[in-house]
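Please find below some remarks on the model you sent round, set out as numbered points so that each can be checked against the coordinates.

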Amino acid sequence: MTDWRPRAKRAALERRARLLGDIRSFMARREVLEVSTPLIASAAPAERGLESMPVGGAGYLVPSPEHALKRLLAADMGAIYQLGPVFRAGEVGRWHNPEFWMLEWYRPQASMMDIVAETRDLFEAVAGVACAPVCEYRAVFEAVTGIDPIESEGAVLADWARRRQLAPAQAAEDDDRAFWLDLIMSLAVQPTLGRQGPVCVVDFPNDDAVLVASDPERAGISRRFEWFWQGVELANGAEELTDAAIARDRMQREQRLRTEAGVAQTGLDERLLNAMQAGMPASAGVALGVDRLLALICGFDGIGDALAFDWPRR
């Protein structure tokens, strides 16, 4: 007989309800407007690492509300957030579920460090935990690997990963820096982060940046950050790219890379590009995994116990 029972316990569902209420209260105090955008979009993000779920002939289930929220920014809606489900194909595991809840918000005229500080305040308010000092990507990467992630060639990164059996011999071309940086960061560096409380890592390499602003004074660095707690990635944010021409070039690059990897292209989101062309304000934003945050607050060893029905029970 098929198991019909929920995965989460009553106490977890109660804590989840309280967490959602606390997030909404935090945003209300900060005068960030809650909005709801379509869960089915006509176009999917171009990023090579995102596999969106197609829906009939209607489009794609959104892996993030980013594109729609940025269209609202371009329409002068001010500081906004969305809290609700998003979808990503092929992501099933201890800390992954194809359907999960995301909190994403944006502030016009905010810098990367402004939104980093606001994310810290959110963690401390809703999780009751003290955050660790901000770190630079270059420093935490070098501390684990001894390699400069900004200057090193792909072959150097590939050799380091292969010697530690982090990837098979033919995992990717040696010159694909973005692939090797992501692999090493995920498998070797990330597990060391956030043991003393949530920690933010800033100034990521620019190799795979799409809708992220580059640092104008430091070559190879983007104004992007991620938050980690107990070795788990919790949030990903950035100072946002506003140049539509650069965005189009980067999206086309990602589509070419998808083709080379044997992954279907999704087409460019022309509505977003048109909004950027019309004039998206300088801004910063962040997306946070709510299920992961709840699991860590509750001391679970994965997100399954934070969900009423995880993927096998859907």
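The points that follow take up a central strand, the nonpolar cores and one helix pair.

1. The model is a predicted one, and the remarks here should be read with that in mind. Strand β8, residues 199–202, is covered on both faces: Val-199 and Val-201 are buried on one side, while Cys-200 and Val-202 are buried on the other. In a regular strand, side chains alternate between the two faces of the sheet.

2. β8 pairs with two strands in opposite senses, since strand β7 (residues 135–136) runs parallel to β8 and is joined to it by 2 bridges, whereas strand β9 (residues 224–229) is antiparallel to β8 over 4 bridges. Within these pairings, Val-201 is the bridge partner of Cys-135, and Phe-228 in β9 is the bridge partner of Val-199.

3. The largest nonpolar core comprises 41 residues, and among those with the most contacts inside it are Leu-103, Trp-105, Phe-225 and Trp-227. Helix α3 (residues 112–127) contributes the most to this core, giving 7 residues. A second core, separate from that one, has 21 residues, including Tyr-137, Leu-157, Ala-158 and Trp-160.

4. Helix α5 (residues 154–163) packs against helix α6 (residues 177–189) at an angle of about 35°, with the axes 9 Å apart, and the crossing is left-handed. On the α5 side the contact includes Leu-157, Ala-158 and Trp-160, which meet a set of α6 residues that includes Trp-180, Leu-181 and Ile-184. Sorted by class, this contact has 9 nonpolar, 1 polar and 2 charged residues.

Methods. Residues numbered from 1 in each chain as written. Predicted model: local features only at pLDDT ≥ 70, side-chain atom pairs only at ≥ 80, totals over all residues. Heavy atoms only, no water. Buried < 20%, exposed > 50% of the residue type's maximum accessible area, 1.4 Å probe, protein only. Pairing = 2+ DSSP bridges. Core = buried A, V, L, I, M, F, W, Y, C linked by side-chain atoms within 4.5 Å. Axes fitted to C-alpha atoms, helices over the stretch in contact; angles between N-to-C directions. Left-handed = near helix turned anticlockwise from the far one by under 90°. Contact = heavy atoms within 4.5 Å. Nonpolar A, V, L, I, M, F, W, Y, C, P; charged D, E, K, R; others polar.
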